[in-house]
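Here are my notes on this one, jotted down as I went through it. Have the structure open while you read.

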Amino acid sequence: MSAVESSGAQGSFREDLGIWIRAAAQPPAEVRPALFLDRDGVIVEDPGHLSRVADLELIPGAADLIASANHRGVPVVEITNQAGIGRGYYGWKEFLKVEAALASELAARGAAIDAVLACPYHPDGVPTWVHPAHPARKPRPGMLLAAERLLNLDLKHSWIVGDKLDDLLAGYNAGLYGGLHVLTGRGPAHRQLVLDWCPKSFEVRFADSIREAATLVGVLG
């Protein structure tokens, strides 16, 4: 799929990076740490390959947390693997509709995500999107490194919130300060994996949901 076919919602697919990106055209001059958020299972419930607006459901506390970050001037960056696109279960059209609906739901609650980055590549993907280990697909750090350049971010003081080990690994591989693992989404199946991980030079915290990321917003802001 070309960049034109996957464009929309003020975003477009960057073929050079292998990432769909929606972000401000001009980054701020000031370098700031960011709060990176996985989408499915962290911001919204994970029904499995979310592709229908009817299935979109905000996780309690997500909008308030994002609004708090907005108020403190902390950039909020959504980082999402899109295996459903990669495997051909749905297309960019469905993805864009879900993203537009999510932005609308958050706006109604006084919250906004500063940038969205999505990687469709998958080891079991259909032609175009098949890749054994794409550098942008979590647990690799490509999306976070792209966000660093686009938004002028300070990664070494940034945090990521995820429900899967791969989310935190992406943060670790990008040189973030730490990651918060939550029990929403796939969290219960990954909690022991995260507990057993024990990385060096990367702080790992644990919570029930994104609501408890408020302490990170205080640190970042």
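1. Start with the strand pairing, and bear in mind that this is a predicted model. Gly162 finds its bridge partner in S7, namely His181. The two strands concerned, S6 and S7, run parallel to each other, with 4 bridges between them.

2. Stay on S7 for a moment. Of its 5 residues, 5 are buried, so the strand counts as mostly covered, with buried meaning under 20% relative accessible area. In a regular strand, side chains alternate between the two faces of the sheet. Here both faces are covered: one has Gly178, Leu180 and Val182, the other Gly179 and His181, and all of these are buried.

3. Next, H5. Its buried residues are Leu165, Asp167, Leu168, Ala170 and Gly171. They pack against quite a list of elements: helix H4 (142–151), strand S6 (159–162), strand S7 (178–182), helix H6 (187–197) and S8. Just after the helix comes Gly175, with a positive phi near 85°.

4. Asp167 is the H5 residue I'd look at twice. Is this aspartate buried or exposed? Asp167 has a relative accessible area of 0%, so it is buried. Beyond four places in sequence, Asp167 touches Asp38, Lys138, Ile160 and Gly162. Gly162 is the residue from point 1 that bridges to His181.

5. Over to S8 (residues 203–207), where Val204 sits. Its relative accessible area is 23%, so Val204 is partly exposed rather than buried, the cut-off for buried being under 20%. Apart from neighbours within four places, Val204 is in contact with Leu168, Gly179, Val194, Trp197 and Pro199. Leu168 is one of the buried residues of H5; its C-alpha lies 8.3 Å from that of Val204, although the two are 36 residues apart along the chain.

6. H4 deserves its own entry. Gly142, Met143, Leu144, Ala146, Ala147 and Leu151 are its buried residues. Their packing partners are strand S2 (19–22), strand S3 (35–37), S4, strand S5 (115–119), S6 and H5. Asn152 follows the helix, and its phi is positive too, near 60°.

7. Now the core. Nonpolar side chains in soluble globular proteins tend to be buried together. In this model the largest nonpolar core has 70 residues, and those with the most contacts inside it are Leu35, Phe36, Ile43, Val77, Leu117 and Val161. Helix H3 (residues 92–108) gives the most to this core, with 7 residues. What does Leu35 contact, leaving aside its neighbours within four places in sequence? Its partners are Leu65, Val74, Pro75, Val76, Val77, Trp159, Val161, Leu216, Val217 and Leu220. Val77 and Val161 are also on the list of residues with the most contacts inside the core.

8. Last, the pocket. The largest one has a volume of about 390 Å³. It is lined by 19 residues, and those closest to its centre are His49, Asn81, Ala83, Lys164 and Arg186. Strand S4 (76–81), helix H2 (83–86) and helix H5 (165–173) are the elements that each give two or more residues to the lining. What classes of residue make up that lining? There are 11 charged, 6 polar and 2 nonpolar residues. H5 thus turns up again: the helix helps line the pocket, while its buried residues pack against H4, S6, S7, H6 and S8.

Note on methods
Residues numbered from 1 in each chain as written. Predicted model: local features only at pLDDT ≥ 70, side-chain atom pairs only at ≥ 80, totals over all residues. Heavy atoms only, no water. 1 Å grid on protein atoms, 1.4 Å probe; cavity = no way out; pocket = protein on both sides within 12 Å on 5 of 7 lines; lining within 4 Å. Points joined across faces, edges and corners; volume = space filled by probe spheres on them. Nonpolar A, V, L, I, M, F, W, Y, C, P; charged D, E, K, R; others polar. Buried < 20%, exposed > 50% of the residue type's maximum accessible area, 1.4 Å probe, protein only. Contact = heavy atoms within 4.5 Å. Core = buried A, V, L, I, M, F, W, Y, C linked by side-chain atoms within 4.5 Å. Pairing = 2+ DSSP bridges.
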